[in-house]
Every structure is written in C-alpha cells, then in structure tokens.
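Dear colleague,

I am handing over the structure below, and I would be grateful if you could look through it before reading the notes that follow.

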Amino acid sequence: MRLNKYIAECGVASRRGADKLITEGKVKVNNKTVTTLGTEINEYNDTVMVDERKIALVRRDIYIVLNKPKGCVTTVKDDKGRKTVMDYISVKDKRLFPIGRLDYDTEGLVILTNDGDLAYKLTHPSNEIPKTYVAKVEGTLAEADIAKLRNGVPLDGVMTHRSKVKILGEEEGITRVEITIYEGKNRQVRRMFEYIGANVIFLKRTKIGDLKLGGLGRGMSRYLTDKEIDILKRL
Ligand code: URA
C-alpha cells in the first residue's frame with residue numbers, strides 16, 4: 001500500500017496531508033525516515049511512525065491466497081509438528097487462519113483471512129460454493145463412470161450433489177480431469193474417484209467460485225485484490 005494512503009487510513013491526515021508529513025521528514029518506516037512520495041509499504045509487517053508515534057490501522061481484514069504445496073496441513077498449528085500453511089505466509093498476524101481444508105497431499109488454492117464472516121460464508125454447506133480441482137487419475141475413465149461422478153455417488157451413506165466433470169486430456173495412461181463440486185465433505189474428490197475405482201495420483205484446487213489460482217507458484221502467496229474480495233463476498 002502507498003505510504004500516504006496508509007497514513008490516511010490510520011486517520012492521521014488526508015492523503016495530501018500525509019504527503020506533506022512525508023516531505024517534511026516526519027514519517028519513519030521501520031525506524032528510517034522516508035521522504036520519497038509514492039513509497040510503498042507492507043501495511044501488515046512494516047512499522048510506520050509519524051512524529052515519533054507509531055500509527056496503526058483501525059481495523060483491516062486480511063485476505064491472502066496461497067498456492068498450498070503438498071506435504072503440509074491446512075491448520076494454524078499441528079500437534080504432530082508437521083508443516084502448516086502458515087509456514088508459507090510471511091504476514092504474521094495472530095488472527096489469520098485458513099478457510100476450509102485441503103488434505104496433506106493436495107495442493108492448490110487456499111484462502112487465509114481474519115474475516116470470520118467470509119469464512120462462514122464460504123464453508124457453510126447451504127451456500128454450495130463451487131470449488132474446482134484438477135485431478136490426475138490412473139487409467140481411462142469410462143463414460144458411465146464420468147456420469148456417476150456428475151450425477152452423484154454415495155459417500156457416508158449420502159449421495160454427493162451433482163458435480164461438473166471435464167476430461168482435460170489423457171497421456172501415458174494418466175487422465176487429467178477437472179471437477180467442480182459444491183460441497184466440502186472430507187476427502188470428497190479422492191473418495192468420489194475411489195468409488196468409481198480410479199486412483200488419484202495428484203490433486204490440486206484451482207478455483208473457489210471465480211477466484212483463480214492463476215499463475216501463482218507452488219508455496220507462493222499474495223494478497224487478494226479489492227475486486228477479488230468483493231466477488232467472494234458476493235458469492
Ligand atoms: N477433495 C479431496 O479429496 N481432497 C481435498 O483436499 C479437497 C477436496
């Protein structure tokens with residue numbers, strides 16, 4: 001965030017007033033005086049002082065998207081000492097938590113936030129938020145099995161809702177499938193494939209609603225844009 005915007009959002013001055021404070025040498029970022037207009041800061045990690053007083057945002061929700069690698073758990077802490085998604089986030093804010101869960105061996109899109117309302121909205125079953133995955137499975141999928149995935153399969157004695165299934169390609173005995181589900185049962189995608197006798201060797205979440213992972217590298221994270229936050233809140 002621009003330093004002048006940050007100062008304004010802390011309620012210290014208008015943006016123009018903030019520019020004046022900056023050029024007058026009254027603003028320090030991480031204990032260093034900053035006089036350059038247009039300076040960018042990390043509003044979550046940097047310490048900003050005006051006239052030797054630390055300033056802070058009144059309240060600001062944090063929204064981060066992480067491309068979770070496999071081999072970590074989607075929790076804040078793990079009793080067994082395994083890596084967690086928090087190990088991949090540089091923002092150190094005690095209120096931050098991941099929304100929903102990906103398995104230890106699943107990779108892809110995880111949202112981390114301190115906004116409990118959004119977390120509730122995205123995880124409540126009645127909201128049927130679409131979540132899209134790319135799976136690699138061994139062998140070829142028969143049309144009849146694809147139809148089963150689409151129409152619902154029994155898990156824990158209850159039929160899964162309809163899902164969208166698209167075959168992306170098949171190479172060297174491995175089929176790539178895109179599947180969109182509208183629920184979030186434990187290990188749902190893996191168990192749906194298990195039901196039709198297909199072995200999942202790779203699973204990645206690529207989308208939640210219209211929020212896409214895009215080109216974010218494995219283990220990398222970024223803040224959501226205001227537009228993306230608005231879209232998620234409207235889901
Ligand atoms: N379905 C699964 O099987 N695993 C996940 O991590 C998410 C959905």
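**The pocket between two domains**

Because domain 2 (63-125 + 211-233) and domain 3 (130-208) both contribute residues to the lining of the largest pocket, this pocket lies between them; the domain bounds come from an automatic or database domain assignment. This is a predicted model, in which local features need pLDDT of at least 70 and side-chain atom pairs count only at pLDDT 80 or more, while totals for chains, interfaces and linings use all residues. Residues are numbered from 1 along each chain as its sequence is written, and side-chain values use heavy atoms, with hydrogens and water left out.

The largest pocket holds about 720 Å³ of space (a pocket being, on a 1 Å grid over the protein atoms alone, an open set of points where a 1.4 Å probe fits, with protein on both sides within 12 Å along at least five of seven lines, and lining residues having an atom within 4 Å of a point; the volume is the space filled by probe spheres set on points joined across faces, edges and corners). Among its 35 lining residues, Gly100, Arg101, Leu102, Gly184 and Lys185 are the closest to its centre.

**Elsewhere**

Domain 1 (3-55) is also part of the division of the protein, and its centre, taken over C-alpha atoms, is separated from that of domain 2 by 29 Å.

By class, the lining of the largest pocket has 14 nonpolar, 9 polar and 12 charged residues (Ala, Val, Leu, Ile, Met, Phe, Trp, Tyr, Cys and Pro count as nonpolar, Asp, Glu, Lys and Arg as charged, and the others, Gly among them, as polar).

With best wishes
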